[in-house]
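Trainee: Could you walk me through this one? I'd like to start with how the strands are put together and then move on to the ligand.

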Amino acid sequence: MTGSPRDTPGPVIEYRRLEAPVALPDDVLCAVTFGARSESVDDPRCVRVGLEPLAGGGLVEVWHASGRVHRGYDGLVRYTHDEHHLAAAIEIDESRYGGIAAAAQVAYAAMASFQAAVQFPQVLRVWNYFDAINEGDGDGERYRQFCVGRTAGLGDALAKPYPAATAIGRRDGDRTLQVYWLAGRVPGRAIENPRQVSAYLYPRRYSPSPPVFSRAMLVSPELLMISGTASVVGHASHHTGDLQRQLEETLRNLRAVIQRAAALAPRLPAELSHNSRLKVYLRDASAVAQIEQLLRAELPPGVPYVVLAADVCRADLLVEIDCQHGAG
Ligand code: 3EB
């Protein structure tokens, strides 16, 4: 059988310290740096996320390609690809489009039309970063307006399996919507969390358009890309105001998703391990020592992580974690 995630390799993802001036090795499909002052890399394969690293500063998330890497631009989209996967990014100024909803609509419409035209039609994993995610009241909250624009922009392209996703707020006053993603030639396998209501089935109270993402995506038999995961059980936020219990609940959710995926993909480690790469989004930067102490207590030794100062999309959540969980 060809064209199933079963026989699709990579990409391999690692956290790596790259020496300045940074020159990316030839085999890199995409490199994600963190922080406004992170080494700016003049390379279309590089994505700079403007969240300040509170721990793990200087680490770069490197997505390794298999084989030759090609690069290009198409309208709002810049992209790279190897034989199996495509990495792409859109960064647009909200003020050009009249706000976050319209900007999200433009970005996702551009993603959809680009993806329909390339040989990597399956969007597997998406990251969304923008300023002041919790600003605005009720349905006017910028996160909810982002959800409305995302759904509208995808239009007819909205189809399962939904990609795994992260949607996180910066606090830099820079009204640039940044969307970057991984796509493949063949669908991955979407994994939901038995402890949580699927986000796309959330009740109306959370957003006029439900967030369209899967809890995780099995991209290959050896790589699970887990969405931003927080202290949500069922559809409700739990442990309001309690960072320790929110972190514990978040880790229970990550483990539940990993276990479900590992039951389907025997080569995937069944536990968080040195082959997991965490991004820990922390609302209160002054809690970094506490969060690192909790991570040391809760995780096996040697799990690579970065802690980033960030706003989570529900105002009552203090921490969120996303994770690339792989074999080897
Ligand atoms: C949650 O569990 C937390 O809107 O793309 C996590 C990951 C969350 C992705 C998104 C939102 C998104 O509902 C919020």
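Mentor: Before we look at any strand, a definition helps: two strands pair if DSSP finds at least two bridges between them. Please also keep in mind that this is a predicted model.

Trainee: Okay, so which residue stands opposite H70 in strand 7?

Mentor: H70 stands opposite H81 there, and strand 7, residues 77–81, is joined to strand 6 by five bridges, with the two strands running antiparallel.

Trainee: And in what order do the strands of the open sheet come?

Mentor: The order is 6-7-8-11-9-10-19, which makes seven strands with mixed pairing. The edges are strand 6 (70–74) and strand 19 (311–312), each of which pairs on one side only.

Trainee: Which strands does helix 2 lie across?

Mentor: Helix 2, residues 100–117, lies across strand 6, strand 7, strand 8 (85–93), strand 9 (122–131) and strand 11 (176–184), and it runs at about 25 degrees to strand 11. Helix 3 also packs on the sheet, where it touches strand 9, strand 10 and strand 11, and its direction makes about 145 degrees with that of strand 9.

Trainee: Switching to the ligand, which residues come nearest?

Mentor: There are 13 residues around the ligand, and those that come nearest are Y143, R150, Y202, R215 and C313.

Trainee: How far are the polar side-chain atoms of R150, Y202 and R215 from oxygen atoms of the ligand?

Mentor: For R150 the distance from a polar side-chain atom to a ligand oxygen is 2.7 Å, for an N or O atom in the side chain of Y202 it is 2.6 Å, and for one in the side chain of R215 it is 2.9 Å. The protein covers 100% of the 360 Å² of accessible area that the ligand has on its own.

Trainee: Which elements give two or more residues to that shell?

Mentor: Those are helix 3 (142–154) and strand 10 (164–170), and strand 10 gives the most, with three residues. By class, the shell holds eight nonpolar, two polar and three charged residues.

Trainee: Last topic, the backbone: where is the cis peptide bond?

Mentor: The cis bond joins K160 and P161, with omega at about 0 degrees, and P161 lies in the loop between helix 3 and strand 10. I would also look at A132, a residue other than glycine whose phi is positive, near 50 degrees; A132 sits in the loop between strand 9 and helix 3.

Technical notes: Residues are numbered from 1 along each chain as its sequence is written. This is a predicted model: local features need pLDDT of at least 70, side-chain atom pairs count only at pLDDT 80 or more; totals for chains, interfaces and linings use all residues. Side-chain values use heavy atoms; hydrogens and water are left out. A residue is near a molecule or strand if one of its heavy atoms lies within 4 Å of it. A polar contact is a pair of N or O atoms within 3.5 Å; within protein, one must be able to donate a hydrogen and the other to accept it, and residues adjacent in sequence count only if both atoms are side-chain atoms. Accessible areas come from the Shrake-Rupley method with a 1.4 Å probe; for residues, only the protein chains shown count as cover. Helices (H or I, at least four residues) and strands (E, at least two) are DSSP runs, numbered from the N terminus. Ala, Val, Leu, Ile, Met, Phe, Trp, Tyr, Cys and Pro count as nonpolar, Asp, Glu, Lys and Arg as charged, and the others, Gly among them, as polar. Contact means heavy atoms within 4.5 Å. Axes are lines fitted to C-alpha atoms, for helices over the stretch in contact, and angles run from 0 to 180 degrees between N-to-C directions.
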